[in-house]
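Please open the structure in a viewer and keep the sequence panel visible. The stops below move from the whole chain to a single pair of side chains.

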Amino acid sequence: MKPLIAFLAILPAPLLAASFERPVPQAQTQVAEFWFFVASVAMIASLAAVHMMLRRK
């Protein structure tokens, strides 16, 4: 019984493994570029706000 359990535990791993498929690169859309710009502006504004708060101390 123990050899059967060991055999069944080891056997399926290589057989059930899926092959690696490379992701296909996709073009960046105008909407994605717009939201990246908004996020960049928000990040710069938040960094400036933190800088101003810490500079006062």
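The tour begins with the whole chain and then turns to selected residues.

**The whole chain**

Select the entire chain, bearing in mind that this is a predicted model. The chain contains 3 helices and 0 strands, and its elements follow the order α-α-α from the N terminus. Next, display the molecular surface. The accessible surface amounts to about 6000 Å², and carbon and sulfur atoms account for 73% of that area. How much of the chain is buried? Of its 57 residues, buried ones make up 0%.

**Confidence**

Colour the chain by pLDDT. The average over the chain is 84, and 79% of the residues score at least 70. Now select residues 12-16, which form helix H2; confidence is lowest there, with a mean of 62. Then select residues 30-55, which form helix H3; here confidence is highest, at 96.

**A nonpolar patch**

Select Val31, Phe34, Trp35, Phe37, Val38 and Val41, and show their side chains. Together these residues form a nonpolar patch on the surface, with a combined accessible area of about 610 Å². Two members of this patch, Phe34 and Trp35, deserve a separate selection.

**Phe34 and Trp35**

Centre the view on Phe34, which lies in helix H3. Is Phe34 partly exposed or exposed? Phe34 has a relative accessibility of 45%, so it counts as partly exposed; the range for that class ends at 50%. Trp35 has a relative accessibility of 53% and therefore counts as exposed.

Keep both side chains on display and look at their rings. Two rings pair if their centres lie within 6.5 Å, and by this rule the count comes to 1 aromatic pair. The ring centres of Phe34 and Trp35 are 5.2 Å apart and the ring planes stand at 70°, so the pair is edge-to-face. The angle decides the label, because planes over 60 degrees apart count as edge-to-face. To end the tour, turn the view until both ring planes can be compared.

Key:
Residues numbered from 1 in each chain as written. Predicted model: local features only at pLDDT ≥ 70, side-chain atom pairs only at ≥ 80, totals over all residues. Heavy atoms only, no water. Phe/Tyr/Trp six-rings, centres within 6.5 Å; stacked < 30°, edge-to-face > 60°. Buried < 20%, exposed > 50% of the residue type's maximum accessible area, 1.4 Å probe, protein only. Helix = DSSP H or I, 4+ residues; strand = E, 2+ residues; numbered from the N terminus. Areas by Shrake-Rupley, 256 points an atom, 1.4 Å probe, with all protein chains shown as cover. pLDDT = per-residue confidence, 0-100. Patch = residues over 30% accessible without salt bridge, like charges linked within 9 Å, V, L, I, M, F, W, Y side chains within 5 Å. Salt bridge = Lys/Arg side-chain N within 4 Å of Asp/Glu carboxyl O.
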